[in-house]
Amino acid sequence: MGPLAYLTLCSMRNRLRVRLKRLREPRYLIGLIVGVSYFYFLFWRQRPPSMGAEGAGGGAFAMFGRGRVSLELAGAAALFIVAALAWIWPSRSRPALTFSRADVQFLFPAPFTRRQLIRYRVLRSQLGVVIGSAFMTLFLRPTSAANGLIFFVGISLIMTAINLHLTGVSLSRESLGTHGMAGLARQWLPIVVVGGAFVVLVGTAVVYWPDLTAASTGGELFDEIGRLASTGAAGVVLWPFRALVRLPLADAPATFVRALPAALGIVLLNYIWVVRSDAAFEEASAELAEKVARIKKGPPAPRPASKATPFTLALEGRPETAILWKNLILVGRYVSLKTLLRLLPGVAIFGVMVMQNPSRGGFTQLVAVVSGVMFTITVLMGAQLARNDLRHDLVNLAVLRTWPVRGAALVRGEMLAPAAILISICWCSALAAMFTAPRLKLPLSYVAAAVLLAPGVILVQLLIQNLIAVLWPSWVLIGAHQARGIDVMGQRMIMMLGMLVVLVVAVLPAAIAGVAVGFALYWSTQTIHILLPSIVAAIVLLAETWIGSEAVGKFLERTDVGQIDATES
Amino acid sequence: MISVQSLSKVYGTLKAVDNFSFTVNPGEIVGLIGPNGAGKTSTLRCIVGIQGPTTGSIAIGGHDIVKDPVPAKRHLAFMADEPQLFDYLTVMEHLRLTARIYQVRDFDARAKALVDELQLTGKEHSLPAELSRGMKQKVAIACGLLHDPRALLFDEPLTGLDPLGIRHMKGTIVARGQAGGAVLVSSHLLHLVEEICTRVVIINHGTKVADGTVAELSAQAEMAGAGSSLEEIFLKVTARES
């Protein structure tokens with residue numbers, strides 16, 4: 001057995017051992033029970049009794065028969081978008097080439113070629129592909145064992161192709177970014193292919209735009225898109241994507257076998273592309289690029305190491321502001337103007353869609369719906385997504401504990417940055433809704449009530465999230481590390497349920513106070529008042545947050561640093 | 001300035017520190033030494049409030065670190081063996097944050113002096129990822145010294161430093177002691193402790209086994225014999241305890 005195969009097998013075996021061993025701890029055992037129960041109910045509970053009959057019963061597989069061609073087209077389009085986005089918005093982590101520190105320390109100085117190392121990482125990443133494909137297959141509840149196997153192999157090959165392609169894109173972009181013209185010379189073929197594909201598809205859309213807009217129904221439009229995607233240059237461009245998607249959608253083993261060679265060929269081409277992006281040539285190219293750069297430009301200018309802070313931190317004032325400043329810097333360093341510019345194509349497409357809508361009422365409605373959805377998601381889910389608070393900072397608890405700052409002030413300071421971001425999003429959404437409100441006959445008092453209540457609801461949720469992080473640090477995701485496994489997923493579900501229960505309990509006093517004031521006003525004026533009860537409820541929520549932060553602060557002061565474990569996997 | 005009385009720290013069934021008492025007075029540089037797992041780091045972490053003691057009391061400048069942590073921590077600086085910095089703050093931003101937390105008024109002058117003293121010039125706008133381990137150590141030390149603390153705790157202060165950095169660091173520690181600071185240095189480098197410390201406390205299996213100047217310890221016949229080096233004293237004492 002080769003050393004890399006030995007390393008892979010030992011790692012897998014020991015990881016499994018660790019996962020099994022940690023089940024001795026009740027939190028993982030309970031998590032596993034909840035996770036397995038979830039999957040049982042999701043995959044098997046509603047399964048039809050007769051599994052053998054093709055197309056019998058529910059499951060997404062039944063849908064395949066009814067719209068296989070449409071699915072193939074949609075899947076191919078989705079794959080093309082993924083491939084195109086990879087060039088516009090490449091992953092920094094390079095999916096298949098994320099070497100661990102131990103890999104770097106042990107394997108890089110070892111007598112392996114870079115090609116061997118790339119092959120090793122690519123093959124190791126296949127484990128995730130296999131597990132992911134198995135879950136997808138189970139999720140779709142195949143109607144027969146053959147169907148299941150076809151779908152599993154097909155989806156595995158698609159995911160492998162995506163994985164390889166994203167890795168190839170990352171390597172190409174790195175080559176371009178690092179080696180300039182030498183990198184371009186090395187990577188010209190894939191760049192030309194991608195650029196050409198993009199031009200063909202956009203050109204087809206432009207040429208046949210009158211035909212597309214002439215379609216009077218959605219069905220006609222879809223038929224026209226299908227025709228364009230199957231014929232001419234666009235058909236050629238989309239062929240590899242359709243060839244891949246055809247595999248899991250195959251309705252019989254014979255169809256699958258016929259589609260297999262093309263799909264395997266695509267995977268193989270991507271594999272060769274990735275493995276050939278080896279060091280020797282690139283290093284020579286880098287030397288060449290450096291020589292050219294020296295001749296042409298002289299020494300390169302140093303890149304700026306950091307960016308401006310959100311505001312200048314005064315040297316006096318409450319410590320909460322200092323922690324807010326620190327955590328806002330965290331967001332600023334990860335969300336750059338470049339990142340926002342990458343969203344432009346999406347915004348442009350959205351804009352074109354809106355411009356195509358002849359009705360101004362439609363536009364207003366669209367803005368209202370988007371802002372409403374944005375507001376609701378931010379209020380209900382934002383606190384779980386914006387994590388630049390104690391959930392991120394508990395890994396630095398040893399440092400925070402040496403600061404002469406009360407625990408409550410630390411908690412409030414940590415909550416401020418995500419709160420500021422989420423409340424800003426909510427208020428911007430509400431502002432957009434406010435402009436559309438008169439046309440949609442939405443009372444402004446409702447919008448004002450939402451604006452008033454959002455901060456309190458968000459702060460209460462953030463407080464609960466931070467309370468959970470302080471009381472049960474090993475149950476939540478701390479820092480950037482992410483524990484994995486069904487047991488961990490079960491833990492997350494328990495925490496989510498617990499958070500909802502606590503949220504209901506926390507919001508109840510504010511709701512009671514608001515409703516009481518509302519009733520009192522109605523009783524005395526015979527008019528329904530929205531604003532004043534909302535103000536009362538918001539005040540109660542803010543007071544609860546303040547009192548709660550004092551309590552969480554006390555817990556934080558007593559938290560043992562040894563409980564914080566951010567390195568589980 | 002630093003007073004540790006009957007400190008015990010228990011992790012589950014493991015008693016890391018057991019009834020440990022000592023003091024560090026202003027102007028003193030005390031070396032805390034002991035074998036691996038003796039309880040040095042646990043003691044330091046209890047003193048600075050990172051973790052609470054199981055029993056016993058710790059006072060910094062007369063303030064109990066558990067009952068009255070904020071005033072106690074205002075006097076403290078802890079330089080850990082593994083520098084822990086915020087990934088997304090530059091060197092200067094670390095200093096500014098520290099200045100705000102400790103309410104340092106003449107920030108600009110102090111920050112410049114520390115940057116010069118610790119040879120961080122040119123690295124002011126670098127993120128931790130762009131710094132070597134030694135540089136990170138210097139940033140952590142600059143943050144620790146910024147508020148002119150009266151009680152300083154160093155855990156393996158020379159780790160990761162280059163020869164010039166080591167010389168500067170030794171100078172920094174001695175200067176703080178001579179300026180009236182109470183300095184506690186935990187290290188395995190016995191020659192460092194012997195060179196810069198005015199007194200030595202030896203801990204083994206969580207309990208204090210020796211406390212005094214090197215001359216006092218070497219004079220005690222049961223330890224090593226007159227004229228012994230700190231290394232000989234240490235090996236004798238810890239071997240006897242084992």
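1. Start with a helix pair in chain B. The axes of H3(B) and helix H5 (residues 133–145) of chain B come within 9 Å, and they cross at roughly 25°. That angle is under 35 degrees, so H3(B) is roughly parallel to H5(B). The crossing is right-handed. Keep in mind throughout that this is a predicted model.

2. Which residues make this contact? From H3(B) come Val91(B), His94(B), Leu95(B) and Thr98(B). From H5(B) come Val139(B), Ala142(B) and Cys143(B). By type, the residues of this contact divide into 5 nonpolar and 2 polar, with no charged residue. The general helix rule is useful here. An α-helix has 3.6 residues a turn, so residues three or four places apart point the same way.

3. Stay with H3(B) and ask about cover. How many of its 11 residues are buried? The count is 10, so mostly covered is the right description, given that 20 or more other C-beta atoms within 10 Å make a residue buried. The buried set includes Val91(B), His94(B), Leu95(B) and Thr98(B). Charged names appear in it too, among them Glu93(B), Arg96(B) and Arg100(B). Gln103(B) follows H3(B), and its phi is positive, near 55°.

4. H3(B) also has a part in the interface. In total, 31 residues of chain B are in contact with 25 residues of chain A. On the chain B side, three elements give two or more residues each: helix H2 (69–74), strand S6 (76–79) and helix H3 (91–101). Which element gives the most? H3(B) does, with 6 residues. The chain B side as a whole divides into 16 nonpolar, 8 polar and 7 charged residues.

5. Now compare the make-up of the chains. Chain A has 24 helices and 0 strands. Chain B has 9 helices and 10 strands. Buried residues make up 30% of the 569 residues in chain A. For chain B, buried residues make up 48% of its 242 residues.

6. Contacts along the sequence are worth a look. In chain A, take contacts with a separation of 6 or more: residues 24 or more positions apart account for 79% of them. In chain B, among contacts between residues at least 6 apart, 67% join residues at least 24 apart.

7. Chain A has its own helix pair to inspect. Helix H22 (residues 444–471) and helix H24 (residues 531–558) of chain A pack at an angle of about 15°, and their axes are 9 Å apart. H22(A) is therefore roughly parallel to H24(A). H22(A) passes H24(A) in a left-handed crossing. The residues of this contact divide into 20 nonpolar, 7 polar and 1 charged.

8. Finally, check the backbone at two loop residues. Most residues other than glycine have a negative phi. Gln526(A) has a positive phi, near 60°, and is not a glycine. Gln526(A) is found in the loop between helix H23 (486–525) and H24 of chain A. Is Gln526(A) buried or exposed? Gln526(A) is exposed, because 7 other C-beta atoms lie within 10 Å, and 12 or fewer count as exposed.

9. The second residue is Glu156(B). Its phi is positive, about 45°, although Glu156(B) is not a glycine. Glu156(B) lies in the loop between strand S7 (151–155) and helix H6 (163–178) of chain B. Glu156(B) counts as partly exposed, because it has 19 C-beta neighbours inside 10 Å.

Key
Residues are numbered from 1 along each chain as its sequence is written. Chains are lettered from A and ligands numbered from 1 in the order in which they are written. This is a predicted model: local features need pLDDT of at least 70, side-chain atom pairs count only at pLDDT 80 or more; totals for chains, interfaces and linings use all residues. Two residues are in contact if their C-beta atoms, placed from the backbone, lie within 7 Å. Helices (H or I, at least four residues) and strands (E, at least two) are DSSP runs, numbered from the N terminus. Axes are lines fitted to C-alpha atoms, for helices over the stretch in contact, and angles run from 0 to 180 degrees between N-to-C directions. Angles under 35 degrees count as roughly parallel, over 145 as roughly antiparallel, 65 to 115 as roughly perpendicular and the rest as oblique. A crossing is left-handed if the near helix is turned anticlockwise from the far one by less than a right angle, and right-handed if clockwise.
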